[in-house]
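Colleague: I should like to learn how the features of a structural model are read. Could you take me through them in turn?

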Amino acid sequence: MPRYFPIYLDSRGKTVLVVGAGEVASRRIKALLAFEFKLIIVALEISQELKASLSEAASISELRERKFRPEDLDDVDYVIACTNDHKVQREIAELCRKRKLAASIADCREDCSFYFPALILKEPHVVAVSSDGQSPKATKKLARQLREFIAEIETGE
């Protein structure tokens, strides 16, 4: 039986802290940019490509090129941690639990209070796919197939 209930949240006025700016974090940031979240990104290094995506987006974002600090959690609604440092991931998860903040901790299923789904965005539709964190590869494949299916419907094939 699935443990996580899918829900669509109003992004207006909500702040998402993303810790990390590698490949996984960049994919999640780019997905979040399609919504009206305010993004705060904390990472030791932020690529020029990601900075360009952020500057082109309508979303408000703040970049903090440095290590994560506990005070980064102040005044945020959701937290997404995607670092390569397992110790930092665990610290963020523990701090979020103490503060009762919703957190998605990449590669640490047991520390997540929500999962970041694979998203299919084709206005006006938003489709989210998840496997309760059990099968990311299958989720990615299903999302790709759904994107193809939606494209076929749009072209009338």
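Colleague: Let us start with charged pairs: how many salt bridges does the structure hold?

Modeller: As a general idea, side chains of opposite charge can pair when their charged atoms come close. Please keep in mind that this is a predicted model. The structure holds 14 salt bridges. One of them joins Lys30 to Glu49, with 3.1 Å between the closest N and O atoms. Because Lys30 belongs to helix α1 and Glu49 to helix α2, this pair ties together parts that are 19 residues apart in sequence. Lys30 is partly exposed, at 37% relative accessible area, while Glu49 counts as exposed, at 55%.

Colleague: Which residue forms a salt bridge with Glu65, and how far apart are the closest N and O atoms?

Modeller: The partner is Lys51, and the closest N and O atoms are 2.9 Å apart. This pair also links distant parts of the chain, since Glu65 is in strand β3 and Lys51 in helix α2, 14 residues apart. Glu65 is partly exposed, with a relative accessible area of 43%, and Lys51 counts as partly exposed at 25%.

Colleague: Which residues are linked in a network of salt bridges?

Modeller: The network links Lys38, Glu62, Arg64, Arg66 and Asp72. Within this group, Arg64 forms a salt bridge with Glu62, whose closest N and O atoms are separated by 2.7 Å. Glu62 counts as partly exposed, at 28% relative accessibility.

Colleague: I turn now to the interior. Which residues have the most contacts inside the largest nonpolar core?

Modeller: A nonpolar core is a set of buried nonpolar residues joined through their side-chain atoms. The largest one here has 21 residues, and those with the most contacts inside it are Val16, Val18, Ile29, Leu32 and Leu39. Two or more residues of this core come from each of β1, α1, β2, α2 and β4. The largest share, four residues, comes from α1. Another core lies apart from it, with 20 residues that include Leu17, Ala81, Leu95 and Ala103.

Colleague: With which residues is Val18 in contact, leaving aside its neighbours within four places in sequence?

Modeller: On that basis, Val18 is in contact with Ala25, Ile29, Leu32, Ile40, Ile41, Val42 and Ile80.

Colleague: Which residues of helix α1 are buried, and against what do they pack?

Modeller: Helix α1 spans residues 23-32, and its buried residues are Ala25, Ser26, Arg28, Ile29, Ala31 and Leu32. The buried residues of α1 pack against the strands β1 (15-19), β2 (38-43), β4 (78-81), β5 (102-105) and β6 (118-122), and against α2 (48-56).

Colleague: Which residues make a nonpolar patch on the surface?

Modeller: Phe5, Ile7 and Leu9 make a nonpolar surface patch of about 380 Å². Phe5 lies in the segment before β1 and counts as exposed, at 70% relative accessibility.

Colleague: How many disulfides does a search of the whole structure find?

Modeller: In general terms, a disulfide is a covalent bond between the sulfur atoms of two cysteines. The search of the whole structure finds zero disulfides.

Colleague: Why is Cys82 without such a bond?

Modeller: The closest cysteine sulfur to that of Cys82 is in Cys112, 9.4 Å away, so the distance is too far for a bond. The cut-off for a disulfide is a sulfur pair within 2.5 Å. For Cys96, the closest cysteine sulfur is likewise in Cys112, at 10 Å, and this is too far for a bond. Cys82 is buried, with a relative accessible area of 8%, and Cys96 is buried, with 1%.

Colleague: Finally, the backbone. Which residues have a positive phi although they are not glycine?

Modeller: Most residues other than glycine have a negative phi, and most peptide bonds are trans. Asp75 has a positive phi of about 60°, and so has Asp107, also about 60°. Asp75 is in the loop between β3 (60-65) and β4, where it counts as exposed at 75% relative accessibility. Asp107 is in the loop between β5 and β6 and counts as exposed at 82%.

Colleague: Is the peptide bond from Glu123 to Pro124 cis or trans?

Modeller: The bond from Glu123 to Pro124 is cis, with omega near 5°. Pro124 is found in the loop between β6 and β7 (125-129).

Conventions
Residues numbered from 1 in each chain as written. Predicted model: local features only at pLDDT ≥ 70, side-chain atom pairs only at ≥ 80, totals over all residues. Heavy atoms only, no water. Buried < 20%, exposed > 50% of the residue type's maximum accessible area, 1.4 Å probe, protein only. Contact = heavy atoms within 4.5 Å. Patch = residues over 30% accessible without salt bridge, like charges linked within 9 Å, V, L, I, M, F, W, Y side chains within 5 Å. Areas by Shrake-Rupley, 256 points an atom, 1.4 Å probe, with all protein chains shown as cover. Salt bridge = Lys/Arg side-chain N within 4 Å of Asp/Glu carboxyl O. Core = buried A, V, L, I, M, F, W, Y, C linked by side-chain atoms within 4.5 Å.
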